[in-house]
Each structure stands twice: as C-alpha cells, then as structure tokens.
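Dear colleague,

I am handing over the structure we spoke about, and below it you will find what came out of looking through it. Please keep it open while you read.

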Amino acid sequence: MLSRIGWIAFVAGVAMIVYWTAIAAIPGTIMQLALGRLEQNAGINTMGHAPLSTADRRIIVRPSPDLAYSTCLFDLSDGPVEISVDPIDAPYWSLSVYDEQTNAVFVRNDREAGERPVRIVLMRAGQTAPDGLETVRVSSNRGLALVRTLVPERDAFEAIDADRRSARCTLLQ
Amino acid sequence: MRLALRILFALVLGIAIGLGVTWLSLRAGISAFEERIGPWITSQEFGSAEASDRSRAIVAVRGLMALPASEAIYFNAATDSEGRALDGGCRYRIAGPPLAARWWSVTAYGADAHLISNPDHAYSAGGDGAEAVLAQTGPEPGLGEIATRDGAPFELTLRAYGPGDGLLDGTLPEIERLSC
C-alpha cells in the first residue's frame, strides 16, 4: 500500500504530466482548429480570397473589418509551395506565413517589397527549390500564408479585390 | 476494489490539478506579456516564436495569426479612461494625437470576439498615421460612427500598422464616456 506521501507524489506526478502535455498540445491544437475553418475559404495549396469580414462571416479570430484576407493553407508533404503576390493598389498590404505552431516565420509588407512582386518558396529541410527563388524554411508540413490588404473604405473593396486576385499559391512539382 | 477506486480518484485529482495549473499558468503568463497604457493593453509577443512550450501556448491563445510587433501593434481596451467597463448602451469618444504608425484603426467587438452586428457594417474607424485618432461609438451610431449593442459589454481594439519607434512612448487615445 502507498503511504500518504506516496499518494501525494502520485497525484503530483499525474498533474505534472497533464500540465506539460496540455501546454505542448495547445498551440498545435488551436492552429489545427483554425486551419480547418480556413479550409472552407480555399483548398490546400490554393489561394482563396475571402470577402470583408462581417459580424456573421469571419475566417480568422477577431478579424479586422478593414482588411481583406487572402489565405493559402499550405501542405509541404508533396514538395515546396510557391507563394507570389504582385503589388496591390491599396494603402497597405503584407504577406505573412505561419507554421503549425502559430509562429510567424515570414512577414513582408508593401513598402519592403518596393513595388516588386513578393515571390517565395516555402520548404522543409531537405527539400530543394529552383535556383534564384527566395526560400523560407518551415518547421512543419502544414501552415498558413496570409495576405492582408487594407481596405480604407468598404466602397473601395471591389477594386482592391480585383487587384489582389493575382496572388498565387502553387505546389512546385 | 478499494485500491482501484483510490487510484482512479488520484488520477482524476491529478488531471484536475494539472488542467487547473495549466489555466492559471497561461493566465499569469498572459499578464506577464501585457503592457498597460491607460485603458489600453498590448503585447509585443504576438506572432513571435518563443523558446518555451509555455510561451508558445500563451502566444497561441492570445495572438493566433497576429502580426509580429515590427509589423503591427494591437491594443485592446475593455474599460474607458476612468476604468469603467465599456457599455454598449453608452456613447464614447476615442480621441488622441496622431500615432507613430502608417495606419490606425479602431474596431468594436462583442464579448465573444465577434464584430457587433449592425445593418450598416459600422464596425470600425481608421485613418492615416498622420491623422489624429478620432472615433465615436454608440448603440445608435451616426454617420462614420461605430455601432455597439445596447445592454451588452464590448471591447475596443486599436491597431497600428507599420508602427514607428516612438509608438509605445507616445500618447494613446483617451476613451471618454459621453453619455449613457
């Protein structure tokens, strides 16, 4: 039979295992839930262009109603994925890439792009990309590329929406 | 049989304590990440990769898909400048000098983190960083004002895109209750 101290140690051990398991699982679990919802916006390795967020329609948590979100839920299992964004005629736009642990592994905005297209290749360690392309190493197969485009007034959405649709997400074969 | 029940009880107790400590740890960690400037609360850890699992979990809970602080800084407020909870039945003015940023916007959210439903999609106000911050909220918003819901609490998020070095040292907008 366990002594009282033994039972306390047993409970403490279980509590520690639960704590560390929960802490380790939270980022990936939250991201998986988010990616599942984003898959409704576009399929895997495809750029989808969501309409402006409303009270009834959102694709990310706590969306900005001033931003038009374009999303690519990428999967690098079958090879690197290329993301390209041509300059968008809007006061601000940016491309950010999140890994499966919710970390932002790449961010570039319109000023940094300097009126040039942003063209990057997302890849895992051990994968290769054509020479001359900017590469971004991602630590997980799945993740999210997100283009945020500022829509200063809702009336401006139609023109900005047409312009942002040049953004692409493509599996490199 | 008695031993099995004791083991089961110990397991359940251990799981409950573990989950409770997880919740307390994340809550304490969130507070540690946050900075308060008047009614506004911000964090510069959103969207960043941290070394420890605990830091990752905190960032995931609070800042999923958020831009890192070099790209945008987010300020949240659940009270006015006098510390009173924001009430959707009241009218508020959010006013302050220009921010050290390319663009700012103020958005109202319900307690469920959703935009507040209204027929005119009056969710936010924004402007160039060179412009003074000025927005008004109310349950019956006028032109250009942000809609809230009478009888429901709400929160405000101030976003500053392209933040400059002096943003956190500068003056943030006051949130003034005009009437209820």
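From the N terminus on, the elements of chain B follow the order α-β-β-α-β-β-β-β-β-β-β-β, which amounts to two helices and 10 strands. Please bear in mind that this is a predicted model. Of the 180 residues of chain B, 37% count as buried, and among the contacts in this chain between residues at least 6 apart in sequence, 70% join residues at least 24 apart.

Turning to where the two chains meet, 41 residues of chain B are in contact with 42 residues of chain A. On the side of chain B that touches chain A, helix H1 (2-33) of chain B gives the most, with 10 residues, and the elements that give two or more residues also include helix H2 (53-63) and strand E9 (154-161) of chain B. The residues of that side divide into 23 nonpolar, 12 polar and six charged.

As for the interior, the largest nonpolar core has 75 residues, and those with the most contacts inside it include Ile83(A), Leu122(A) and Ala145(A), as well as Ile146(B), Leu156(B) and Ala160(B). Strand E2 (residues 67-75) of chain A gives the most to this core, with six residues. Apart from this core lies another, of eight residues, among them Val18(A), Ala22(A), Ile26(A) and Ala57(B). In soluble globular proteins, nonpolar side chains tend to be buried together.

If you would like one residue to start from, take Ile83(A), which, leaving aside its neighbours within four places in sequence, is in contact with Cys72(A), Leu95(A), Ile120(A), Leu122(A), Ala145(A) and Cys169(A).

With best wishes

Notes
Residues are numbered from 1 along each chain as its sequence is written. Chains are lettered from A and ligands numbered from 1 in the order in which they are written. This is a predicted model: local features need pLDDT of at least 70, side-chain atom pairs count only at pLDDT 80 or more; totals for chains, interfaces and linings use all residues. A nonpolar core is a set of buried Ala, Val, Leu, Ile, Met, Phe, Trp, Tyr and Cys residues joined through C-beta atoms within 7 Å. A residue is buried if 20 or more other C-beta atoms lie within 10 Å of its own, exposed if 12 or fewer, and partly exposed in between; C-beta atoms are placed from the backbone. Helices (H or I, at least four residues) and strands (E, at least two) are DSSP runs, numbered from the N terminus. Two residues are in contact if their C-beta atoms, placed from the backbone, lie within 7 Å. Ala, Val, Leu, Ile, Met, Phe, Trp, Tyr, Cys and Pro count as nonpolar, Asp, Glu, Lys and Arg as charged, and the others, Gly among them, as polar.
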